[in-house]
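Reader: Before we look at single residues, I would like to learn how to read the interior of a model such as this one, and then how to place individual side chains against it.

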Amino acid sequence: MSTRGGSCWLVGLVMTAVWAGSPRIAGSHPAPFSYLDITVASDRLSGTVVLHAIDVARALDMPDPSALANEEVVTAQADGIVTLVTTRVAIEADGTPITWVIDRVEPMPGQDAVGVAWHAALSRPAGHLGLGARLFPEDATHQTFVTVYEAGRVTWQEVLNRDRVRADHYTGTPQGRMAVLRRFVASGIHHIAIGPDHILFLIGLLLPGGRLRRLLAIVTAFTLGHSITLALATLSILTPPSHIVEPLIALSIVFVGADNLFVGSRERDIRAWVALAFGLVHGFGFASVLRDTGLPSAALGVSLFAFNLGVEIGQAVIVLIAALGLGLLRRHRPAWSGLVATAGSALVMLAGAYWFVERVLQGRA
């Protein structure tokens with residue numbers, strides 16, 4: 001259940017209790033819930049959508065919800081009920097909307113509900129399911145409980161409501177693992193590409209130059225640092241608040257710029273140690289993005305690895321471009337290279353200082 005996957009059992013318990021108790025009381029409608037069950041097979045999806053009679057009657061302008069306990073009435077209203085389901089519930093298999101095949105529409109005796117059984121053929125096993133439901137938007141409290149079954153067991157549960165109308169599930173198949181890899185590698189690359197603070201930190205580390213072995217050691221140290229804290233935070237072992245992490249990331253940029261301006265006075269190049277230490281801080285920043293992306297609980301290790309791999313790919317591209325550019329400058333315009341390193345380090349330091357002040361003020365707001 002994304003990052004809530006670890007509490008699936010609790011959601012299931014609540015769903016069972018609510019289903020057993022409140023929906024059966026006709027007229028009062030104490031629990032405005034619907035239920036979407038999906039069974040995943042290699043060549044098809046199938047399942048049921050269960051709707052409370054009061055919700056259906058209101059949506060179809062029927063004066064008497066209790067009439068939906070009659071099979072003939074449900075049959076007469078079947079087209080409207082099917083339209084309600086197929087236009088307000090969205091299911092995608094690997095990005096392609098399913099083609100609904102309705103097997104039956106029937107009253108559910110003793111439950112004051114109507115059930116819609118359906119299936120959809122698949123051309124290949126599904127790796128990713130995109131689910132959306134906004135069944136009764138006129139009711140702000142309405143919720144849709146989603147349960148996915150694979151190989152005869154519950155593998156995922158989620159609750160969709162007015163504030164959360166879409167969720168993603170990755171099946172426990174090779175196709176599901178590949179879908180996780182594709183999504184989270186892309187997410188890691190995207191995060192680096194749109195993160196000017198991480199980019200400036202990396203460029204700041206590279207500005208003084210050095211042999212390829214030294215530059216690789218710096219990048220490796222940064223990778224090691226952020227990989228450790230990314231895993232710790234993603235697994236909820238250590239999760240410092242963002243109002244502390246984000247200013248510290250900005251301070252790391254200030255430190256790198258300042259260190260570059262004075263590195264010539266030192267006999268030892270400490271950039272690898274700086275990269276390792278502040279990589280630990282940046283990892284917490286990566287983790288906050290990864291949590292917001294929504295982690296599949298059944299493939300937590302794969303998603304964590306894939307996101308980290310995406311970060312490394314984006315990082316490698318930046319390092320390659322910066323290192324090649326600075327190397328060419330030193331080779332063909334050696335007089336300019338020192339000026340670029342000094343001016344660049346000053347700009348890095350100023351940008352970090354600006355972000356630090358901005359983030360501290362935001363944290364106090």
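**Cores and two threonines**

Author: The largest nonpolar core has 43 residues, and those with the most contacts inside it are F184, F201, L205, L230 and F307. A nonpolar core here is a set of buried Ala, Val, Leu, Ile, Met, Phe, Trp, Tyr and Cys residues joined through side-chain atoms within 4.5 Å, where buried means under 20% relative accessible area, exposed over 50% and partly exposed in between, with a 1.4 Å probe and protein chains only. This is a predicted model, in which local features need pLDDT of at least 70 and side-chain atom pairs count only at pLDDT 80 or more, while totals for chains, interfaces and linings use all residues. Residues are numbered from 1 along each chain as its sequence is written, and side-chain values use heavy atoms, with hydrogens and water left out.

Reader: Which elements give two or more residues to this core?

Author: They are α5, α6 (196-206), α7 (212-234), α8 (242-262), α9 (271-293), α10 (300-332) and α11 (334-364); helices (H or I, at least four residues) and strands (E, at least two) are DSSP runs, numbered from the N terminus. The largest share, nine residues, comes from α9. Apart from this core lies another, of 39 residues, including L45, L51, M62 and A167.

Reader: With what is L230 in contact, leaving aside its neighbours within four places in sequence?

Author: Contact means heavy atoms within 4.5 Å, and on that basis L230 is in contact with G283, F286, A287, L290, L304, F307 and N308.

Reader: Is T171 buried or exposed?

Author: T171 counts as buried because its relative accessible area is 3%. This residue is found in the loop between β10 (166-170) and α5 (174-193). A polar atom of the T171 side chain lies 2.7 Å from the backbone oxygen of A126, a polar contact being a pair of N or O atoms within 3.5 Å, of which, within protein, one must be able to donate a hydrogen and the other to accept it, and residues adjacent in sequence count only if both atoms are side-chain atoms. Beyond its neighbours within four places in sequence, T171 is in contact with V40, A126, G127, E150, G176 and R177.

Reader: Why does T87 count as exposed?

Author: T87 counts as exposed because its relative accessibility is 57%. T87 lies in helix α4 (residues 78-88), and its side chain reaches the backbone oxygen of T83 at 2.5 Å.
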